[in-house]
Amino acid sequence: MLFDSLEFAVFLPIVFAVYWSLSNKSLRFQNAFLIAASYVFYGWWDWRFLALIIFSSGVDYLVAKGLSKTIDSKKRRTLLWTSISINIGLLGVFKYFDFFSKSFAEAFTLLGKPLDPLLLNIVLPVGISFYTFQTLSYSIDVYRRKLEPSRDLISFFAYVSFFPQLVAGPIERATNLLPQFYKRRVFSYDKTVDGMRQILWGLFKKVVIADNCAGIVDPIFNHASELNGSTLVLGAIFFAIQVYGDFSGYSDIAIGIARLFGFDLKPNFLYPYFSRDTAEFWRRWHISLSTWFRDYVYIPLGGSHGSLWQNVRNILVIFLVSGLWHGAKWTYVLWGGLHACCFIVIMLIGNHRKNLDVVAQGRYLPSLKELLQMGFTFALLSFLLIIFRAENLGDAWGYIENMFSESIFGRIQIYESKAFIPLIGVLFLVEWLSRERLHGLEALSKYSRFYRWATYLGLILVIVSFRGESQAFMYFQF
């Protein structure tokens with residue numbers, strides 16, 4: 001069930017009405033209803049994969065209970081590794097088994113000993129990378145004694161399956177979201193209205209910006225060998241805009257929906273294309289994933305402590321693993337590795353903790369230096385996303401090689417509708433003016449009712465008039 005589908009447009013109001021009608025009942029009953037609604041939402045794709053969520057939830061619930069009953073360090077480590085092995089094992093089987101099997105067979109073929117790979121050819125469950133990391137972080141936090149294990153089975157299962165962020169994040173920590181299931185939620189008109197604003201802005205980013213960009217990007221990447229360099233440059237830029245509109249749009253919708261039900265999720269995107277270097281970019285892009293790898297991989301490896309070589313190694317590990325998290329393709333691994341190289345260069349010159357504030361804070365316009373920094377960073381990110389988007393390493397190389405040919409100065413070859421392109425400017429203008437806030441429409445609360453409703457109706461009209469051809473959210477495949 002997609003957020004921008006007719007089915008969800010029917011599903012959400014019904015769930016919202018029933019949920020708040022239960023607010024005077026027991027909290028457990030209200031949480032149980034959320035579980036049921038979340039399972040319907042997820043099972044709409046394939047009800048058979050509900051067993052995976054239930055199994056993963058049950059494993060981590062029982063592991064955490066076991067951790068609370070022993071102080072023996074050996075038993076606690078065994079319980080933790082049980083959770084890690086089961087969760088990563090499930091992820092490995094469904095997402096990576098065929099990839100590594102093919103890679104293993106190809107390596108032997110290169111050595112002159114061809115092998116037929118063993119392939120499972122199984123469907124990748126939607127959102128498995130997201131909810132696996134969410135349940136796994138719970139067990140790790142309980143093991144580290146940063147969190148008391150849940151004694152409420154219903155609240156815990158509701159936390160894992162909470163439908164707004166179940167299939168594409170944000171990846172919520174139990175320390176933030178789980179306690180909210182223990183407390184009675186009181187309906188807040190202001191929170192609900194702000195949630196609806198964020199949903200509206202997310203829909204604009206997804207169905208107007210991302211889906212229309214896809215109509216330009218897909219033909220360019222699918223026929224890269226036939227197009228000139230200038231068109232390929234434009235394809236890379238439009239893909240950078242597409243992936244941002246798609247994923248940040250999903251996050252805005254998810255966070256907004258959660259607010260409708262009285263929950264506060266952590267922000268997942270904080271205007272990353274206004275970053276002045278790639279280190280700042282990773283503090284603002286897919287924040288729930290980058291902080292997950294920081295807390296559960298980078299810091300346990302030693303973080304920034306230790307020798308320079310150890311620090312470089314730790315950075316390489318988290319970016320390579322992050323690349324592999326995105327999918328079972330070498331293009332993702334290379335994309336992660338190149339981002340690691342960029343980060344290491346910034347770290348070596350001592351600038352990786354330099355841009356911690358909001359760009360042009362307190363000013364309407366950036367300085368010339370800030371503008372050049374943002375422009376260079378966006379260009380670099382767009383270039384690296386060519387590798388991310390390509391089907392394989394050969395396609396990525398072919399795209400880049402053709403792009404930097406003499407034809408880069410030729411006339412752009414785009415025949416699709418370009419009527420929506422000025423709306424990209426609207427997107428970046430609104431987000432620039434809102435860069436010190438949590439989402440693009442948050443500031444509307446301080447304006448008059450007439451101005452607010454004019455904005456709402458205008459956006460709805462734009463969404464209806466310029467809606468692109470429906471595309472599945474990109475991060476569902478991860």
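The following exchange between a trainee and a mentor goes through selected residues and elements of a predicted model.

Trainee: What conventions apply to this model?
Mentor: Residues are numbered from 1 along each chain as its sequence is written, and side-chain values use heavy atoms, with hydrogens and water left out. In this predicted model, totals for chains, interfaces and linings use all residues, whereas local features need pLDDT of at least 70 and side-chain atom pairs count only at pLDDT 80 or more.

Trainee: Is Gln180 buried or exposed?
Mentor: Gln180 is found in helix H7, residues 174-182, where helices (H or I, at least four residues) and strands (E, at least two) are DSSP runs numbered from the N terminus. The classes rest on relative accessible area with a 1.4 Å probe and protein chains only: buried is under 20%, exposed is over 50%, and partly exposed is in between. Because its relative accessible area is 17%, Gln180 counts as buried.

Trainee: Which backbone nitrogen does the side chain of Gln180 reach?
Mentor: A polar contact is a pair of N or O atoms within 3.5 Å; within protein, one must be able to donate a hydrogen and the other to accept it, and residues adjacent in sequence count only if both atoms are side-chain atoms. A polar atom of the Gln180 side chain lies 3.1 Å from the backbone oxygen of Asn176. At 2.9 Å, the side chain of Gln180 also reaches the backbone nitrogen of Asp264.

Trainee: Which side chain makes a polar contact with the side chain of Lys191?
Mentor: Lys191 has its place in helix H8, residues 189-222, and it is buried, with a relative accessible area of 19%. Leaving aside residues up to four places away in sequence, Lys191 touches Arg259, Gly262 and Asp264, where contact means heavy atoms within 4.5 Å. The polar contact, at 3.2 Å, is with the side chain of Asp264.

Trainee: What distance separates the C-alpha atoms of Asn176 and Lys418?
Mentor: Asn176 is in helix H7, and its side chain is joined to that of Glu172 by a polar contact of 2.7 Å. Not counting its neighbours within four places in sequence, Asn176 is in contact with Asp264, Leu265 and Lys266. Lys418 is 242 residues apart from Asn176 along the chain, and the separation of their C-alpha atoms is 42 Å.

Trainee: And what separates the C-alpha atoms of Tyr96 and Trp325?
Mentor: Tyr96 lies in helix H4 and is buried, with a relative accessible area of 10%. Beyond residues up to four places away in sequence, Tyr96 touches Leu91, Leu324, Trp325, Gly327 and Ala328. Although Tyr96 and Trp325 are 229 residues apart along the chain, their C-alpha atoms are separated by 9.6 Å.

Trainee: Which helix gives the largest share of the largest nonpolar core?
Mentor: A nonpolar core is a set of buried Ala, Val, Leu, Ile, Met, Phe, Trp, Tyr and Cys residues joined through side-chain atoms within 4.5 Å. The largest one has 142 residues, and those with the most contacts inside it are Phe204, Phe261 and Tyr273. With 17 residues, the largest share of this core comes from helix H9, residues 229-260.

Trainee: Which helices do the buried residues of H6 pack against?
Mentor: H6 is mostly covered, with seven of its nine residues buried, among them Phe156, Phe157 and Tyr159. At the start of H6, a side-chain oxygen of Asp152 comes to within 3.1 Å of the backbone nitrogen of Ile154. The packing partners of the buried residues are H2 (27-46), H3 (50-68), H5 and H7.

Trainee: What is the phi of Ala360, which is not a glycine?
Mentor: His286, in the loop between helix H10 (278-284) and helix H11 (287-301), is a residue other than glycine with a positive phi, near 40°. Ala360 has its place in the loop between helix H13 (330-348) and helix H14 (368-389) and, at 1% relative accessibility, counts as buried. The phi of Ala360 is also positive, at about 50°.

Trainee: Which residue follows Gly169 through a cis peptide bond?
Mentor: The bond in question has omega near 0°. Its second residue lies in the loop between helix H6 (153-161) and H7, and that residue is Pro170.
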